[in-house]
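Trainee: I am new to this structure and would like a close look at a single part of it. Could you take me through one strand and its surroundings, after a few words on the whole?

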Amino acid sequence: MILTTTCKIENREISQYLGLVFGESVNGINVIKDIGAGFRNFVGGRSKGYEDEMMQARNDCIDEMVRRAENMGADAIVGIAFDFQSLGQAGSMILLNVSGTAVKLK
């Protein structure tokens, strides 16, 4: 499965647009990671706990979107876009939505 944020694939022709596909994930941040992130916020630096959560959420969403595109008979997904939001009290949950257009290639 070819995945791209662009609207076309170089040296390939899109023969059919199959429709929109999505992947969604809502992940909670546990107390330990939240404490670590709060400390990092105070002293500066990167929050490995939050970064790990974001990477896992992104991978889960991409996998889900690819499965849905495969079920449609797609060869590729073009125009992929990511949307992140924090939810819950004090942003204790992360919502990630990934979308794209499933296509058939010649």
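**A close look at strand β2**

Mentor: Of the 106 residues of the protein, 30% count as buried, and I should say at once that this is a predicted model. The chain has two helices and four strands, and someone reading along the sequence meets them in the pattern β-β-α-α-β-β. Among the contacts with a separation of 6 or more, 76% are between residues 24 or more positions apart. The accessible surface comes to about 6,800 Å², and 52% of that area belongs to carbon and sulfur atoms.

With that background, we can turn to strand β2, which covers residues 14-28, and begin with the loop that lies between β1 (2-3) and β2. N11 is found in this loop, and its phi is positive, at about 65 degrees, although N11 is not a glycine. That deserves a second look because most residues other than glycine have a negative phi. As for its surroundings, N11 counts as exposed because its relative accessibility is 75%, and the cut-off for that word is over 50%.

Within the strand itself, S25 is a good residue on which to pause, since its place is in β2. S25 has a relative accessibility of 8% and therefore counts as buried, the limit for buried being under 20%. If we leave aside its neighbours within four places in sequence, S25 is in contact with A57, C61, I94, L95 and L96. One of these partners, C61, has a relative accessible area of 0% and so is buried as well. Another cysteine, C7, has a relative accessible area of 63% and is therefore exposed. A search of the whole structure for disulfides finds zero.

The next residue along, V26, brings us to the surface, where V26, L87 and M93 form a nonpolar patch. Together these three residues have about 220 Å² of accessible area. L87, for its part, lies in strand β3, which spans residues 76-87. Its relative accessible area is 31%, so L87 is described as partly exposed, a value that also passes the limit of over 30% required of residues in a patch.

To draw the picture together, the loop before β2 holds N11, which is exposed at 75%, whereas S25 in the strand is buried at 8% and touches residues that include A57 and I94. V26, in turn, shares a nonpolar surface patch with L87 and M93.

Notes: Residues numbered from 1 in each chain as written. Predicted model: local features only at pLDDT ≥ 70, side-chain atom pairs only at ≥ 80, totals over all residues. Heavy atoms only, no water. Patch = residues over 30% accessible without salt bridge, like charges linked within 9 Å, V, L, I, M, F, W, Y side chains within 5 Å. Areas by Shrake-Rupley, 256 points an atom, 1.4 Å probe, with all protein chains shown as cover. Salt bridge = Lys/Arg side-chain N within 4 Å of Asp/Glu carboxyl O. Buried < 20%, exposed > 50% of the residue type's maximum accessible area, 1.4 Å probe, protein only. Contact = heavy atoms within 4.5 Å. Disulfide = S-S within 2.5 Å.
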